[in-house]
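This report describes how a protein and its DNA strands meet in a structural model, and then turns to a point of backbone geometry.

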Number of protein chains: 2
Amino acid sequence: MNQNTVISIESIRVACRQCTLSSLCLPMGLTPEDVERLDDIVKRSRPLHRGDLLFREGDHFRSLYVVKTGSLKTFTPGSEGGEQVLGFHLPGELLGLDAIDKGQHACSARALETSAICELPFARLEELTAIIPSLQHQMYRLLSKEIGQDTDLLRLLGKKNAEERLAAFLLSFSQRLHRRGLSATDFHLSMSRHEIGSYLGLAVETVSRLFTRFQDEGLVRVERKHIELLDLRGLEEISDGAGAGRRQPQRRQQT
Amino acid sequence: MNQNTVISIESIRVACRQCTLSSLCLPMGLTPEDVERLDDIVKRSRPLHRGDLLFREGDHFRSLYVVKTGSLKTFTPGSEGGEQVLGFHLPGELLGLDAIDKGQHACSARALETSAICELPFARLEELTAIIPSLQHQMYRLLSKEIGQDTDLLRLLGKKNAEERLAAFLLSFSQRLHRRGLSATDFHLSMSRHEIGSYLGLAVETVSRLFTRFQDEGLVRVERKHIELLDLRGLEEISDGAGAGRRQPQRRQQT
DNA sequence: CGGCTTGTTGAACAAGGTCAAAACGAGTGG
DNA sequence: CCACTCGTTTTGACCTTGTTCAACAAGCCG
């Protein structure tokens, strides 16, 4: 912020290329000129502020979006008026993949804090993927990865209890931030307890109590939205279901 | 079964073309020759029998699979040894999309009954999609649709209670069969109660009790694995969370 | 038939939800 | 700077839902 008081077009371009690079290209061998072509179709948009909608359920699908900085949530109206949070999106991650099928967004996306977003017009992207095989492959991988992530979440909601869920949530966050080069053990939760609860299928009160409990057990240090993970190993054990064996290791001889 | 006692290669080919057609091509404008080319890369494999594995978690990813007849489940080892069911796959549906990302299958797939499967070598498919734009688009849509379905399931596991889950499950099954031209109200559940429970995140006993309850309430008729939906409307109301207002329509004035 | 798996039913129990209220933080206006 | 309000978070008490444990019935197959 000190030396870059004047933000040049070039610096934005570089920043944006970095963001599309990491989510779309990092693991694949794209030639520099392919990346250039990809970068050319990226649109920059004004930053979103906390509470702003990026798109709304039912909106005509035109583009995919990459989070450059900040964070967003996706959600749909759940039963009974309240909103059901479907996911959180951190820098480098993609939004809108679920809209390709029906041609309109299946959920809404709202900024949790001031966020910068890149827009990738899908029609242009499709043209590009048709002529750059490795980019096409990369797109398939991205879509497939999204499916894999949803599946992980299904596993979470299907079988895990409250503390396993919260532990898994914290670890997932930690890894995603770490992948971006940020601290894996000390970060800011931009969403409210209510949103965490909605995402994990838990009541706000339960989330709150668990944070307190985790802190009492020395696993984390929480202060409002700032959280510090003190015992990653312990959290992993909990999230893997060690809770069963931890307290009462009896039972299990027949069956 | 009476007039087709001799199954010719041609009839299999037609059947298989129908199956790839419906899942990959139906909604899109592919030319007949495109379909021909697509059909050419499809491999036929021997039918699977109940309990056979189609692929196993960790297997090298080579192909996508289309269910021609029968049904399969996908699953991973859950915590504590038991297996966690991730999905059921009916005729016309695709398996293996989650494996593209990592190049190896993220779950195992097992036949629930005798099933015929078409194999689509992914490398060949990718070559084709690169030269047939509408097929590429179709692939994106398919992947996106899978994401959408997972999201629907997330919504289900995140907020719904036991009876809402089972009602939603039955309706989803009904619609999927109906789309295939089969009866929407009278069908065979090829999976066990245990598998339904695992899929819906419920104990076997709860599933069993709910079937009994639904039957007592005149919503369905169940006899072992055969089920008849008597009141689709009622099931929809339950699955949409009408359960809240159905029994005690009091409360709700403050807030 | 006898041994097996799968499904059903009942009773006790516990995890987490709901309700209610207090504590805290951030912003607002006197 | 302090008092006040609004929204979020925390905490406590209670209750509902679904799980667990255990026994039993029903198919299925040698």
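In the classification used here, Ala, Val, Leu, Ile, Met, Phe, Trp, Tyr, Cys and Pro count as nonpolar, Asp, Glu, Lys and Arg as charged, and the others, Gly among them, as polar. The model is predicted. By these classes, the surface near DNA strand D has three nonpolar, seven polar and eight charged residues.

**DNA strand D**

Around DNA strand D there are 18 residues, of which A:Arg193, A:Ser208, A:Thr212, B:Ala162 and B:Thr206 come nearest. Of the atoms of DNA strand D that come within 4 Å of the protein, sugar and phosphate make up 61%. Three helices, namely helix H6 (193-200) and H7 of chain A and H7 of chain B, each supply at least two residues of the surface near this strand. H7(A) gives the most to that surface, with four residues.

**DNA strand C**

The surface near DNA strand C is likewise composed of three nonpolar, seven polar and eight charged residues. Of the 18 residues around DNA strand C, those that come nearest are A:Asn161, A:Ala162, A:Thr206, B:Arg209 and B:Thr212. Sugar or phosphate accounts for 63% of the atoms of DNA strand C within 4 Å of the protein, and bases for the rest. Helix H7 (204-216) of chain A and helix H7 (204-216) of chain B each contribute at least two residues to the surface near DNA strand C; the largest share, four residues, comes from H7(B).

**Polar contacts with the DNA**

The table lists polar contacts to both strands.

| Protein atom | DNA atom | Distance |
|---|---|---|
| A:Ala162, polar backbone atom | DNA strand C, phosphate oxygen | 2.6 Å |
| B:Ser208, polar side-chain atom | DNA strand C, phosphate oxygen | 2.9 Å |
| B:Arg209, polar side-chain atom | DNA strand C, base nitrogen | 2.9 Å |
| B:Ala162, polar backbone atom | DNA strand D, phosphate oxygen | 2.6 Å |
| A:Arg209, polar side-chain atom | DNA strand D, base nitrogen | 3.0 Å |
| B:Glu205, polar side-chain atom | DNA strand D, base nitrogen | 3.2 Å |

**Backbone geometry at Arg224**

Most residues other than glycine have a negative phi. A:Arg224, although not a glycine, has a positive phi of about 55 degrees. Its place is in the loop between strand E10 (220-223) and strand E11 (226-229) of chain A. A:Arg224 is exposed, with a relative accessible area of 71%.

In chain B, B:Arg224 also has a positive phi of about 55 degrees without being a glycine. B:Arg224 lies in the loop between strand E10 (220-223) and strand E11 (226-229) of that chain, and is exposed, with a relative accessible area of 69%.

Terms used
Residues numbered from 1 in each chain as written. Chains lettered and ligands numbered in written order. Predicted model: local features only at pLDDT ≥ 70, side-chain atom pairs only at ≥ 80, totals over all residues. Heavy atoms only, no water. Buried < 20%, exposed > 50% of the residue type's maximum accessible area, 1.4 Å probe, protein only. Near = heavy atom within 4 Å. Polar contact = N/O pair within 3.5 Å; in protein donor to acceptor, adjacent residues only side chain to side chain.
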